[in-house]
Amino acid sequence: MPSSHDWINKPLGVVEAMFAQSNSNPEWEAKVLEYFKGQLKEKESHSWVPSLNDVPLHYLKPNSLVKFRCLVQDMFDPEFYMGVYETVDPSTKANVLRCGKYKDVTECGVDLNSRNTVTAERQTFYCVPIPGESPWAKESYGCSSQARVVPSTSYVPSRQKRSYEEDDDMDTQPQKQREPHTEPHGNGDSKRQETEAPSSQTTAPSDCSSHLDLNFPLPGERGPACLVKVYEGLDSFKLNDTLEIYGILSVNPVLTVLGEEKDPSLLLLNPTESMETPEEQRAHDPPASLVPRLHMLYARPLQHNNPLLPSAPTEDQSAFVSSFLVEMASVRAELLAYLTHVLLGDGLAAEYLLLHLISNVYTRRDVLPLGKFTLNLSGCPLNSYTERLYQIVQQLVPCSYRLSMSLHTMNSMRLVPKKDYVANRLVSGALQLARNTSLFLDETQLEQGQLDSSGVRNITALGNLISWQKVDYDFSYHQMEFPCNINVLVTSEGRSLLPSDCQVPLQPQVTPPNMEEYLTTIHMAQFTSQINKFRVYLSLARTLDYSISDEVTKAVEDDFVDMRKDDPQSVTAEDLHRMLVVARLLSLSLGQTTLSRDGWMRAKHIDMLRRSRTEQQKSLNGNEP
């Protein structure tokens, strides 16, 4: 049986040993998966595996086990490969049965006439780091790693990334544990800046210095993209899934030929490659030094992306949730006070912002997404306030993105992903986001001017996202609907031109002479431990189950009838739906999984305060709808 570190350092050795013992019994493949899943179930074993998110490629040993926290950005067509093949020993002329699974290239001396050759099928996913992942989340994931890595002896880049060179906490393995390699596994001229997205996401990449468009959904993103080879459970994965993938890293130099004539022997692995256009080859076979291959052994769906919470449903998670539920009410009060200061003393707006931050689409009824709670904070001060507000939100949530809705941005930016039929790939857009991402739409940046056709399409896409929690991807000849679960916060000077579930006019109680200094002071006053509690609180509240008893349902129905007795137009069915959403979020914010009568009365009360404020604002600004 392999030693404790062989399954990380030499996973192919484990695979080949099980294949050799199988005597052509197909059950060996299931045993391989069971073995690695079993190893990863060991306590803290996940932290032993190096992560592509945290460690530069030149620190990772080729053919070792690595993990990758990612979003499935595109799914390529299935490809064929030699699952089993025979090679001829040049000295003895004897045939040797080989395993081709979890590999990109076959060994030399393939017997093409062998009857034992087995052709198998696998699929390739193009995966990118989770878009908009907050710096604190990345740092926390990196600090929790116990992986021991050294620069690969076979990969020597011309210029290493400075931030990794300065990492004094990185452990090293003894020299004797390194694997000797006879071939270089990277291009010495490849530069790390090529793993950064262009600074502006437009319909065509404007950065000519980048030899490869890594197709990140958001501008300015950093990190590796990865081609993930998937062998089992293809039906269980969908586009835009967020996964933590464990697989065998492949950076074979044969894969780095880009724009050159391919070796004819490689076509034995996948004959369809001879039919690809140059654009398709470029998109589907980028240099492995920039886009490594990862042969999936196991993938764990990420229900959330908060490193401070247990990642999978276990006994440890249940104990964690139970212990934190005791603190929910006190943490809520502290967070509410913090948000009140951030919103310039406006307690009602802080209450609604808190509810917005824990909202979540928990189910869909026909086309209606239930649980969404898009908030429009109107009356926001101009200048730098909204930008600083976003930075504070970014410090609280694992994933976020601020879209400055300037005229130039709306007319030039690509929000909706589009199919490129020439390259046979899905070109990403800024709305291709992971579930529970906080999307901050800054409408205070919108100036007078004319939206062109692209800008109109972008505004329409944002409206559909807010109303229906879906994005219609552009496939040229038709549109394809992709459901999503994105928290949208709109900041505006007046009422937003976009739809929302709830508008709260901001009423500042303080007017600091220096807004930047005021908000920085508020944020710096919070200890890291306190901010971490807020981060856990917001993620945990989203995961709680919720129900309404028959008794409370009847009470709510009777109350609704009473409210409409005097004036049927005063409270509509839409108002009732919004109050039920607010009541649900209020209950969950206190750690309560059922609605009480007190909770319902509290929801009615704050909704009445909000509506009164909105009506007052309308009368002051007679020109608003």
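Trainee: Let's start with proline 50. Is it buried or exposed?
Mentor: Keep in mind that this is a predicted model. Proline 50 sits in the loop between α3 and β1. Its relative accessible area is 8%, and the cut-off is under 20%, so proline 50 counts as buried.

Trainee: How far apart in space are proline 50 and lysine 61, C-alpha to C-alpha?
Mentor: Along the chain, proline 50 and lysine 61 are eleven residues apart. In space, their C-alpha to C-alpha distance is 9.8 Å.

Trainee: Which residue in the loop between α3 (28-41) and β1 (65-75) has a positive phi although it is not a glycine?
Mentor: The phi in question is about 65 degrees. The relative accessible area of this residue is 31%, so it is partly exposed. The residue is asparagine 63.

Trainee: And asparagine 424, buried or exposed?
Mentor: Asparagine 424 also has a positive phi, near 55 degrees. You'll find asparagine 424 in the loop between β12 (418-420) and β13 (425-427). With a relative accessible area of 18%, and the limit being under 20%, asparagine 424 is buried.

Trainee: On to the rings. How many aromatic pairs does the count come to?
Mentor: Ring pairs are described by the distance of the centres and the angle of the planes. Here a pair needs centres within 6.5 Å. By that rule the number of aromatic pairs is 13.

Trainee: What kind of pair do tyrosine 81 and tyrosine 231 make?
Mentor: The two ring centres are 5.5 Å apart, and the planes meet at 85 degrees. Planes over 60 degrees apart fall in one class, so with 85 degrees the pair of tyrosine 81 and tyrosine 231 is edge-to-face.

Trainee: How many residues apart in sequence are the parts that this pair ties together?
Mentor: Tyrosine 81 belongs to strand β2 (residues 79-88). Tyrosine 231 lies in the loop between β5 (226-230) and β6 (242-250). Both rings are buried, tyrosine 81 at 5% relative accessible area and tyrosine 231 at 9%. The separation in sequence is 150 residues.

Trainee: Which residues do ring pairs link into a cluster with Tyr81?
Mentor: We've just met one partner, since the ring centres of tyrosine 81 and tyrosine 231 are 5.5 Å apart. Ring pairs bring Tyr81 into a cluster with Tyr102 and Tyr231.

Trainee: Which residue puts its charged end over the ring of tyrosine 81?
Mentor: Arginine 69 does something of the kind elsewhere, lying over the face of tyrosine 141 at 3.7 Å from the ring centre. For tyrosine 81, the charged end sits 4.6 Å from the centre of the ring, and the residue is arginine 122.

Trainee: How many disulfides does the structure hold?
Mentor: The sulfur atoms would have to be within 2.5 Å. Take cysteine 127, which is buried at 0% relative accessible area. The nearest cysteine sulfur to it, that of cysteine 70, is 4.0 Å away, and cysteine 127 is in no disulfide. For the structure, the number of disulfides is zero.

Trainee: Now the sheets. In which sense do β6 and β7 pair?
Mentor: Strands of a sheet pair through backbone hydrogen bonds, either parallel or antiparallel. β6 has nine of its nine residues buried, and β1 pairs with β6 over seven bridges, with leucine 65 opposite isoleucine 248. β6 also shares eight bridges with strand β7 (residues 293-301), where serine 250 stands opposite arginine 293. The sense of the β6 and β7 pairing is antiparallel.

Trainee: Which strands are the edge strands of the open five-strand sheet?
Mentor: The order runs β11-β14-β17-β10-β18, with parallel pairing. From one strand to the next, the twist averages 20 degrees. An edge strand pairs on one side only, and that picks out β11 (400-404) and β18 (502-505).

Trainee: Which residue in β17 stands opposite leucine 439?
Mentor: Strand β14 (residues 438-442) and strand β17 (residues 487-491) run parallel and are joined by five bridges. Opposite leucine 439 stands valine 488.

Trainee: Last one: is threonine 491 buried or exposed?
Mentor: Threonine 491 lies in strand β17. Beyond its neighbours within four places in sequence, its contacts include Phe440, Leu441 and Cys380; cysteine 380 is itself buried, at 4% relative accessibility. Threonine 491 has a relative accessibility of 0%, so it counts as buried.

Terms used
Residues are numbered from 1 along each chain as its sequence is written. This is a predicted model: local features need pLDDT of at least 70, side-chain atom pairs count only at pLDDT 80 or more; totals for chains, interfaces and linings use all residues. Side-chain values use heavy atoms; hydrogens and water are left out. Rings of Phe, Tyr and Trp (its six-membered ring) pair if their centres lie within 6.5 Å; planes under 30 degrees apart count as stacked, over 60 as edge-to-face and the rest as tilted. Helices (H or I, at least four residues) and strands (E, at least two) are DSSP runs, numbered from the N terminus. Buried means under 20% relative accessible area, exposed over 50%, partly exposed in between (1.4 Å probe, protein chains only). A charge sits over a ring if NZ of Lys or CZ of Arg is within 6 Å of the ring centre and within 35 degrees of the ring normal. Two strands pair if DSSP finds at least two bridges between them. Axes are lines fitted to C-alpha atoms, for helices over the stretch in contact, and angles run from 0 to 180 degrees between N-to-C directions. Contact means heavy atoms within 4.5 Å.
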